[in-house]
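This report describes how a protein chain surrounds its ligand. Please examine the sequence and the structure shown below before reading on.

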Amino acid sequence: MAKHGKPLGIDIGGSGIKGAPVDLDKGDFAEKRLKILTPRPATPDAVAAVVDQIVDHFAEQTGDSPIGVTVPAVVIRGTVLSAANIDPAWLNTDAEALIQEHTGRSATVLNDADAAGLAEMYYGAAKGVSGVVILTTLGTGIGSALISDGKLVPNTELGHLEIDGYDAERRAASSVKENEGLSWEEYVERLQVYYNTIEKLFSPDLIVVGGGISKDADDFLPKLKLRAAIVPAQLRNKAGIIGAARLAADLA
Ligand code: BGC
């Protein structure tokens, strides 16, 4: 568990890099979160420098506790292995080593949707749920977390399922609704196709839907016809930070 101070969670996103110390008993931020705009280009070194700024900002509250950092990419043992929605310079970067170098702190790096899935499992919509849970985040892309009886299977990347010849996130991410000006009805049709495929392949007991659009869950979730229960995420945009901090503390 955390040594001296609260673990720090940091979420590296396309527009902002956000961080907050996390209260692991409550599953909530222990302090107001700090957001710094993502540098352009968002190369590993430029981003790690911002991560270091966030670490410095919360130095007093977090002491030498571990930090958990999310990236929108596949991460295996700290190394980034995909770059669908991040700068290609991240490919094959040992992000954990890089962040440790910049910050002098022990860091755990994981996929953003996996972090959100962990947070929902420990503190939110999937708390206490047995069986298979799939969390999907609908945003710029589609992220996914697969949890089986409380254990995360990392890096599932279900946003890149190929459906009807399309990369799924290019049809059903919430950014697509915006960019193509889809009505709720049109967007629900796309989501129905997407979640039908998820059901066909994984037969989950519960589907949790996160991402910014989950705040409008009433406009679309009740319209989806699925066998599994489908519910909005509860921790909203806090989930990534909370899940990352929790994992970093658990691994420390
Ligand atoms: C990436 C995933 C990420 C998701 C949400 C996808 O394009 O491939 O790694 O979790 O976007 O950010």
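In this predicted model, the ligand sits in the largest pocket. The shell around the ligand is made up of Pro-72, Ala-73, Ala-84, Asn-85, Asn-111, Asp-112, Ile-142, Gly-143, Glu-157, His-160 and Glu-169. By character, these shell residues divide into 4 nonpolar, 4 polar and 3 charged.

Where does the ligand lie with respect to domain 1 (8-110) and domain 2 (125-233)? Both domains give residues to the shell, and therefore the ligand lies between them.

The division of the chain itself deserves a closer description. The protein chain is divided into domain 1, covering 8-110, and domain 2, covering 125-233. A distance of 25 Å separates the C-alpha centres of domain 1 and domain 2. To the contact, domain 1 supplies 6 residues and domain 2 supplies 6 residues.

The polar contacts of the ligand can now be considered. The table lists residues with an N or O atom within 3.5 Å of an oxygen atom of the ligand.

| Residue | Part of the residue | Distance to a ligand oxygen atom |
|---|---|---|
| Ala-73 | backbone N or O atom | 3.3 Å |
| Asn-111 | polar side-chain atom | 3.0 Å |
| His-160 | side-chain N or O atom | 2.7 Å |

Taken alone, the ligand exposes 310 Å², and the protein buries 93% of that area.

In summary, the ligand occupies the largest pocket and lies between domain 1 and domain 2, because both of these domains give residues to its shell. Among the shell residues are Ala-73, Asn-111 and His-160, and a polar side-chain atom of Asn-111 lies 3.0 Å from an oxygen atom of the ligand.

Key:
Residues are numbered from 1 along each chain as its sequence is written. This is a predicted model: local features need pLDDT of at least 70, side-chain atom pairs count only at pLDDT 80 or more; totals for chains, interfaces and linings use all residues. Side-chain values use heavy atoms; hydrogens and water are left out. A residue is near a molecule or strand if one of its heavy atoms lies within 4 Å of it. A polar contact is a pair of N or O atoms within 3.5 Å; within protein, one must be able to donate a hydrogen and the other to accept it, and residues adjacent in sequence count only if both atoms are side-chain atoms. Accessible areas come from the Shrake-Rupley method with a 1.4 Å probe; for residues, only the protein chains shown count as cover. On a 1 Å grid over the protein atoms alone, a cavity is a set of points where a 1.4 Å probe fits but cannot get out, and a pocket is an open set with protein on both sides within 12 Å along at least five of seven lines; lining residues have an atom within 4 Å of a point. A molecule sits in a cavity or pocket if more than half of its atoms lie within 2 Å of its grid points. Ala, Val, Leu, Ile, Met, Phe, Trp, Tyr, Cys and Pro count as nonpolar, Asp, Glu, Lys and Arg as charged, and the others, Gly among them, as polar. Domain bounds come from an automatic or database domain assignment. Contact means heavy atoms within 4.5 Å.
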